[in-house]
Amino acid sequence: MRNEDDAASFKACRLVVDRPIHLDRLTVEAERVHGFNGTDAELQKRLKDHIKAVTGVGAQISILEPDTLPRATHKAKRVEVKRGQVWMA
């Protein structure tokens with residue numbers, strides 16, 4: 001992220017990969033921290049731009065309320081794959 005405020009703007013995130021047609025789509029679900037002073041649209045744009053700049057991959061960003069993502073007792077599930085059948089010959 002560009003500065004410490006950006007990194008402190010969200011608490012947890014989950015990557016969701018699905019394939020609505022023939023191409024994979026990446027959605028990043030990010031929880032806003034309690035007391036975040038900016039707008040969701042502003043945070044969404046910063047995350048989207050940063051991910052594209054670092055990875056070269058475009059992603060849809062979904063900003064969630066704090067404590068929305070499920071918490072696991074041991075290991076958090078950070079990546080969810082929802083792809084159906086991959087190419088059938």
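## A first look

What share of the 89 residues in the chain is buried? Buried residues make up 30% of them. Keep in mind as you explore that this is a predicted model.

Let's get an overview of the fold. The chain has two helices and four strands, and from the N terminus on they follow the order α-β-β-α-β-β. Residues that sit 24 or more positions apart supply 58% of the contacts with a separation of 6 or more.

## How confident is the prediction?

The chain has a mean pLDDT of 81, and 79% of its residues reach 70 or more. Among the elements, strand E3 (residues 60-64) has the highest mean pLDDT, 94, while helix H1 (residues 4-7) has the lowest, 53. Where pLDDT is low, the predicted coordinates should not be read in detail.

## How the strands line up

Let's begin with strand E1 (residues 10-18). E1 pairs with E2 in the antiparallel sense, over seven bridges, and the two form a hairpin with six residues between them. Within this pairing, you can find Arg14 opposite Glu29 in E2. E1 also has a partner in strand E4 (residues 79-81): these two run parallel and are joined by three bridges. Here Val17 stands opposite Val81 in E4.

Now follow E2 to its other partner. E2 and E3 pair in the parallel sense, with five bridges between them, and Ala30 stands opposite Ile63 in E3. To get from E2 to E3, the chain passes through helix H2 (residues 40-55), making a right-handed β-α-β crossover.

## A closer look at Thr27

Is Thr27, in strand E2 (residues 25-32), buried or exposed? Thr27 counts as buried because its relative accessibility is 16%, and the cut-off for buried is under 20%. Leaving aside residues up to four places away in sequence, Thr27 touches Arg14, Leu15, Val16, Gln60 and Ser62.

For a wider view of a strand, it helps to know one general pattern. In a regular strand the side chains alternate between the two faces of the sheet.

## The nonpolar core

Which residues make up the largest nonpolar core? This core has 10 residues in all: Val28, Ala30, Val33, Phe36, Leu43, Leu47, Ile51, Ala59, Ile61 and Ile63. E2, H2 and E3 each supply at least two of the core residues. H2 gives the most, with three residues.

You have already met two members of this core, Ala30 and Ile63, as the residues that stand opposite each other where E2 pairs with E3.

## Salt bridges

How many salt bridges does the count come to? The count is nine. One of them joins the side chains of Arg19 and Asp24, at 2.7 Å from N to O. Arg19 counts as buried, because its relative accessibility is 18%, whereas Asp24 is partly exposed, with a relative accessible area of 41%.

Helix H2 offers further examples. Glu42 and Arg46 form a salt bridge at 3.9 Å, N to O; both lie in H2, four residues apart, or about one turn of the helix. Glu42 is partly exposed, with a relative accessible area of 39%. Lys45 and Asp49 also meet in a salt bridge, at 2.6 Å, N to O. Because Lys45 and Asp49 are four residues apart in H2, about one helical turn separates them. Asp49 is partly exposed too, with a relative accessible area of 30%. Elsewhere, salt bridges with shared partners link Arg14, Glu29, Glu80 and Lys82 into one network. Arg14 and Glu29 may look familiar: they are the residues that stand opposite each other where E1 pairs with E2.

## An unusual angle to spot

Where is Asp67 placed? Look in the loop between E3 and E4. The phi of Asp67 is near 60°, a positive value in a residue other than glycine. With a relative accessible area of 45%, Asp67 is partly exposed.

Terms used: Residues are numbered from 1 along each chain as its sequence is written. This is a predicted model: local features need pLDDT of at least 70, side-chain atom pairs count only at pLDDT 80 or more; totals for chains, interfaces and linings use all residues. Side-chain values use heavy atoms; hydrogens and water are left out. Buried means under 20% relative accessible area, exposed over 50%, partly exposed in between (1.4 Å probe, protein chains only). Contact means heavy atoms within 4.5 Å. pLDDT is the predictor's confidence in each residue, from 0 to 100. Two strands pair if DSSP finds at least two bridges between them. A crossover is right-handed if, with the strands pointing away from the viewer, the path from the first strand over the helix to the second runs clockwise. A salt bridge is a side-chain nitrogen of Lys or Arg within 4 Å of a carboxyl oxygen of Asp or Glu. A nonpolar core is a set of buried Ala, Val, Leu, Ile, Met, Phe, Trp, Tyr and Cys residues joined through side-chain atoms within 4.5 Å.
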